[in-house]
Amino acid sequence: MERFLCFVWVALWSGSCAWMRGAQAKTVHGGFSSATARARAGQVVARFQFRGDCALLYVRINNVATAVGKEAKLHLFQAQEWLKLQESQQDYSCKEKLAKAQLIMNVNSTEQNITVSQIPYPDTWYVFYADKFTCVETYEDSESEDIPFEMVLLNPDTERNPLDHFSAGESGLHEFFFLLILGYFVAACIYAQSLWQTIKKGGPMHTVLKVLSVVLLLQAASALANYLHFSSYSKNGVGLPFMGSLAELCDIISQVQMLYLLLSLCMGWAIGRMKKSQSKPLQWDSSPASTAIAITAVVTQSILLIWEQLEDTNHHSYHSHQSLAGALLLGLRICLAVLLGCGLYQIIRIERSTLKREFYITFTKGCILWFLCHPTLVTISLMFRDYQREKIITMGVILCQLFSMVLLYRLFVSHSLYWEVSSLSSVTLPLTVASGHKSRHHF
């Protein structure tokens with residue numbers, strides 16, 4: 001299994017690096033191309049969620065003479081208006097479509113900007129480049145020189161100055177990751193030593209605690225990398241692409257490990273119940289069949305994650321799953337939740353021990369929460385505006401999965417549920433809940 005995880009790591013790293021090659025930051029560098037603009041009835045230069053009355057688009061070019069000769073222009077469309085224009089049954093010509101832009105800016109000087117004002121609520125805007133060759137029927141100047149540019153898109157800060165690189169959909173994520181890291185740090189100071197001592201002692205749940213700890217460390221590393229990326233992003237509008245990619249990679253690896261852990265445990269217990277009249281203590285009771293099921297699910301999820309990475313080149317900690325790969329991922333998580341729920345239900349139904357039944361019920365809650373939080377939050381986010389969806393999904397999934405892990409930690413190391421389930425017991429166990437035995441740590 002370790003070799004397989006190493007292979008998955010390398011494969012996912014390759015898929016994650018695709019984002020580094022195709023990212024569009026809020027400080028955009030590129031070239032205005034007449035050929036591209038003509039082929040697509042306008043070259044898409046940037047996408048940004050403006051907010052407030054003092055949002056700003058700043059453009060800097062060097063080859064002013066070429067831009068003037070081409071009659072270069074930037075057309076700004078609100079996403080909803082552009083979508084209506086595309087879906088309209090009326091057959092608009094190329095010029096008519098471009099003329100319906102909410103804002104038009106002539107690119108005729110080295111540095112210039114345009115203020116995006118009177119926005120009732122944050123909305124997505126598309127920036128298109130077009131020139132006099134864009135809508136002509138015949139275009140012979142295929143070797144026309146591109147116009148290198150630098151574009152900065154800014155939202156107003158708390159003092160209404162256009163200095164904020166974050167789009168409306170990203171605002172608040174920087175502060176969220178800071179608080180998340182602070183929470184991880186405080187929890188590590190309180191519980192790390194006791195948890196390490198517990199893992200060193202071994203026992204029936206030794207492997208489970210190790211895997212849970214590795215997943216937790218990966219989640220913390222992802223939060224730290226995201227925070228570093230956003231910290232740099234807030235200053236230059238580009239951020240640290242490597243850190244952004246590393247954050248997503250750490251999260252993907254943690255998802256793969258957690259999937260293998262939950263599936264192998266649940267299937268091992270379920271298959272063990274079918275073969276034996278009395279089950280072993282609640283430990284990692286794996287079998288060839290349960291291992292095969294877990295690895296198959298891990299491979300399937302890994303392929304879908306890589307596919308989604310290649311399709312969605314814009315970085316998101318948690319994707320809104322609008323592509324086919326994303327939809328299949330959501331379907332897979334729902335199927336896994338149903339599979340685990342059915343397997344655990346069969347165990348709970350025939351279990352006579354009240355203590356073990358409570359153990360399985362709590363474990364079921366942790367599994368269901370881990371797998372269903374993402375599909376549920378994606379569905380809920382559809383009721384909100386576009387700029388709110390990414391924040392709802394990102395913050396919600398991270399907090400739900402963190403709560404799921406805390407639930408599993410409490411389950412496997414607490415005295416009240418674990419004292420009679422196995423022979424492992426110690427007053428030094430961390431994260432304990434109230435019981436008849438005193439402990440030095442209470443969660």
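How many helices and strands does the chain have? The chain has 13 helices and nine strands. The model is predicted. Its mean pLDDT is 78, and 78% of the residues reach 70 or more. The chain comprises 443 residues, of which 50% count as buried. About 21,200 Å² is exposed, and carbon and sulfur atoms supply 58% of that area. Among contacts with a separation of 6 or more, 76% join residues 24 or more positions apart.

Confidence varies along the chain. Over residues 7-24, pLDDT stays under 50. The model has 40 contacts beyond four places in sequence for residues 7-24. Residues 415-443 also have pLDDT under 50 throughout. For residues 415-443, the model has 74 contacts beyond four places in sequence. Where pLDDT is low, predicted coordinates should not be read in detail.

The annotation of the chain is considered next. The unreviewed UniProt entry lists residues 176-196, 208-232, 252-272, 284-307, 327-347, 359-380 and 392-412 under "transmembrane region". Two of these spans can be compared with the model. Residues 327-347 are 100% helix and 0% strand. The end C-alpha atoms of residues 327-347 are 31 Å apart. Residues 392-412 are likewise 100% helix and 0% strand. Their end C-alpha atoms lie 30 Å apart.

A nonpolar patch lies on the surface. The patch is formed by Phe178, Leu179, Leu182, Phe185, Val186 and Ile190. Together these residues have about 590 Å² of accessible area. Phe178 is placed in helix α6, which covers residues 173-201. Phe178 counts as partly exposed because its relative accessibility is 42%, between the 20% and 50% cut-offs.

Charged pairs were examined as well. Side chains of opposite charge can pair when their charged atoms come close. The model holds three salt bridges, counted with a cut-off of 4 Å.

One salt bridge joins Arg47 and Asp386, with the closest N and O atoms 3.6 Å apart. This pair links distant parts of the chain, 339 residues apart. Arg47 belongs to strand β2 (residues 43-50), and Asp386 to helix α12 (residues 386-413). Arg47 is partly exposed, at 38% relative accessibility. Asp386 is also partly exposed, with a relative accessible area of 33%.

Another salt bridge is made by the side chains of Arg51 and Asp164, at 2.7 Å from N to O. Arg51 sits in the loop between β2 and β3, whereas Asp164 is in strand β9 (residues 162-164), so the pair ties together parts that are 113 residues apart in sequence. Arg51 and Asp164 are both buried.

Glu111 and Arg60 form a further salt bridge, with an N to O distance of 2.2 Å. Glu111 is in strand β6 (residues 111-116) and Arg60 is in strand β3, so this pair ties together parts that are 51 residues apart in sequence. Glu111 is partly exposed, at 44% relative accessibility. Arg60 is partly exposed too, with a relative accessible area of 31%.

Terms used
Residues are numbered from 1 along each chain as its sequence is written. This is a predicted model: local features need pLDDT of at least 70, side-chain atom pairs count only at pLDDT 80 or more; totals for chains, interfaces and linings use all residues. Side-chain values use heavy atoms; hydrogens and water are left out. Patches are made of residues with over 30% relative accessible area and no salt bridge: like charges are joined within 9 Å, nonpolar side chains (Val, Leu, Ile, Met, Phe, Trp, Tyr) within 5 Å. Accessible areas come from the Shrake-Rupley method with a 1.4 Å probe; for residues, only the protein chains shown count as cover. Helices (H or I, at least four residues) and strands (E, at least two) are DSSP runs, numbered from the N terminus. Buried means under 20% relative accessible area, exposed over 50%, partly exposed in between (1.4 Å probe, protein chains only). UniProt positions are given in the numbering used here, feature names are shortened, and annotations may be inferred rather than shown by experiment. pLDDT is the predictor's confidence in each residue, from 0 to 100. Contact means heavy atoms within 4.5 Å.
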